Amino acid sequence: MELATQYSTKLQPFIDYLSRLTERPSIDDLSKQMRQMSITMDDVKNFAHFSDQGYRRNVVFQSDVVQLLCLCWQSGQRSPIHDHADSICGVKVMQGVATETIFEHTPSGYIKPITSVDYHAGVL
């Protein structure tokens, strides 16, 4: 997949921060950097690609230690139940509402939902 080499003026400082990383950042440092961004949909429009077949994971930037994605769901689409293993993850909702559902394992080995939270545009 070919990546765009031109980032918006407001996105470029965050890309610069990510490109300087030589190891995974702490969640506190990542959160701080993300809060300093005042990006809008216009700043990520070149990466916001949707699909009728399911949600899309669009790569904005990647290195050996970090990946920045523009995740795009159409209304009603879901991603499969998953965890992020030992990785850290920061999310900024750019448009609409994203619902996160947390699951836990039952004693019988199945999983069950324990909570759901709606995140509205602008929330980190």
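Contacts between residues far apart in sequence are a good place to start with this predicted model. Among the contacts in the protein chain with a separation of 6 or more, 48% join residues that lie 24 or more positions apart. The chain itself has 124 residues, and 24% of them count as buried. Its C-alpha trace spans about 50 × 35 × 30 Å along the principal axes. About 9,000 Å² of the protein chain is exposed, with carbon and sulfur atoms supplying 49% of that area.

The secondary structure is easy to follow. Three helices and four strands are present in the protein chain, and reading along the sequence gives the pattern α-α-α-β-β-β-β. Helix 1 covers residues 12-20 and helix 2 covers residues 27-35, while strand 1 runs over 56-62. Strand 2 takes up residues 67-72, and strand 3 takes up residues 97-105.

Turning to the interior, the largest nonpolar core contains 20 residues. Within this core, Leu-11, Phe-14, Leu-18 and Val-60 are the residues with the most contacts. Helix 1, helix 2, strand 1 and strand 2 each contribute at least two residues to the core, and the largest share, four residues, is supplied by helix 1. Leu-11 gives a closer view of these surroundings: leaving aside residues up to four places away in sequence, Leu-11 touches Met-37, Ile-39, Asp-43, Val-44, Phe-47 and Val-60. Val-60, one of these partners, is also among the core residues with the most contacts.

The surface has its own points of interest, and two of them involve the loop between strand 2 and strand 3. Ile-81 is found in this loop. With a relative accessible area of 52%, Ile-81 is classed as exposed, because the cut-off for that class is over 50%. Together with Phe-103 and Ile-111, Ile-81 forms a nonpolar patch on the surface. The accessible area of these three residues together is about 260 Å².

Ala-85 lies in the loop between strand 2 and strand 3 as well. The backbone at Ala-85 deserves a second look: this residue is not a glycine, yet its phi is positive, at about 50°. For context, most residues other than glycine have a negative phi. Ala-85 also counts as exposed, since its relative accessibility is 66%. The loop between strand 2 and strand 3 therefore holds two exposed residues described here, Ile-81 and Ala-85.

Methods:
Residues are numbered from 1 along each chain as its sequence is written. This is a predicted model: local features need pLDDT of at least 70, side-chain atom pairs count only at pLDDT 80 or more; totals for chains, interfaces and linings use all residues. Side-chain values use heavy atoms; hydrogens and water are left out. Patches are made of residues with over 30% relative accessible area and no salt bridge: like charges are joined within 9 Å, nonpolar side chains (Val, Leu, Ile, Met, Phe, Trp, Tyr) within 5 Å. Accessible areas come from the Shrake-Rupley method with a 1.4 Å probe; for residues, only the protein chains shown count as cover. A salt bridge is a side-chain nitrogen of Lys or Arg within 4 Å of a carboxyl oxygen of Asp or Glu. Buried means under 20% relative accessible area, exposed over 50%, partly exposed in between (1.4 Å probe, protein chains only). A nonpolar core is a set of buried Ala, Val, Leu, Ile, Met, Phe, Trp, Tyr and Cys residues joined through side-chain atoms within 4.5 Å. Contact means heavy atoms within 4.5 Å.
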